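Please examine the sequence and the structure shown here. A set of questions on the fold is then worked through.

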Amino acid sequence: MCIDDRCEDAFPRFYQIEISSVTIPQGKLDGSCWDEPSCGAPDPEIEIQLNGDTVGELEASDDMFTASFADAIELQLIAGSRLRLQLEDEDTVRDEEVFACNFDPLTAERIRDGDLSCISDSGASIEAIISVRGGSDL
Ligand SMILES: [Ca+2]
Ligand SMILES: [Ca+2]
């Protein structure tokens with residue numbers, strides 16, 4: 001991949017993933033509420049899985065249908081890595097999965113594009129970008 005006229009292999013390399021925003025539908029697929037009592041709004045959380053292992057979690061404020069995440073996750077990626085961005089409603093006992101973006105594998109083309117966003121039929125969405133850690137300092 002090429003950054004500022006310098007071209008290097010895309011893998012292995014450190015990348016950072018930023019979640020710019022997420023949207024959670026008003027109810028679950030079966031029509032029930034995210035949180036009881038009183039049909040509370042969900043508590044957005046992003047779990048990042050690499051090759052099936054959880055490698056990072058980002059939490060937003062509680063009780064929101066849309067959220068953004070200030071922190072970024074840094075990951076070392078090798079060729080053929082499977083990346084999953086899982087949007088959840090954080091719960092006391094067990095978090096509820098809302099929706100996930102899967103990249104199997106995460107390709108150099110996708111990284112060059114920089115966009116890891118995806119959207120579900122039910123209206124859930126994750127807007128995410130991936131960039132080389134340190135950006136133009138390479
Ligand atoms: Ca819940
Ligand atoms: Ca919750």
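The questions and answers below concern confidence, overall fold, sheet pairing and the nonpolar core. This is a predicted model, in which local features need pLDDT of at least 70 and side-chain atom pairs count only at pLDDT 80 or more, while totals for chains, interfaces and linings use all residues. Residues are numbered from 1 along each chain as its sequence is written, and chains are lettered from A and ligands numbered from 1 in the order in which they are written.

Q: Which element of the protein has the highest mean pLDDT?
A: The predictor's confidence in each residue is expressed as pLDDT, from 0 to 100. The protein averages 92, and 94% of the residues score at least 70. Among the elements, strand S1 (residues 2-3) has the lowest mean, 70, and the highest, 98, belongs to S8.

Q: What pattern does the protein follow along the sequence?
A: Helices (H or I, at least four residues) and strands (E, at least two) are DSSP runs numbered from the N terminus. The protein has one helix and 11 strands. Read in sequence, the pattern is β-β-β-β-β-β-β-β-β-α-β-β.

Q: Why is one side of S5 and of S9 left without a neighbour in the sheet?
A: Two strands pair if DSSP finds at least two bridges between them. The open sheet of four strands has the order S5-S4-S8-S9, with antiparallel pairing. Strand S5 (53-59) and S9 stand at the edges, so each has a single partner strand.

Q: Which residue in S9 stands opposite Leu-83?
A: S8 and S9 run antiparallel and are joined by seven bridges. Opposite Leu-83, the residue in S9 is Phe-103.

Q: Which strand supplies the largest share of the largest nonpolar core?
A: Such a core is a set of buried Ala, Val, Leu, Ile, Met, Phe, Trp, Tyr and Cys residues joined through C-beta atoms within 7 Å; a residue is buried if 20 or more other C-beta atoms, placed from the backbone, lie within 10 Å of its own. The largest core has 23 residues, and those touching the most other members include Ile-17, Ile-19 and Val-22. Strands S3 (13-23), S7 (72-77), S8 (83-89), S9 (96-103) and S11 (125-132) each supply at least two residues. The largest share, four residues, comes from S3.

Q: Which residues does Val-22 touch, not counting those up to four places away in sequence?
A: Contact requires C-beta atoms, placed from the backbone, within 7 Å. Val-22 is among the members of the largest core that touch the most others. With that exclusion in sequence, Val-22 touches Pro-44, Ile-46, Thr-66, Ala-67, Leu-87, Ser-125 and Ile-126.

Notes:
Buried ≥ 20, exposed ≤ 12 C-beta atoms within 10 Å, placed from the backbone. Contact = placed C-beta atoms within 7 Å.
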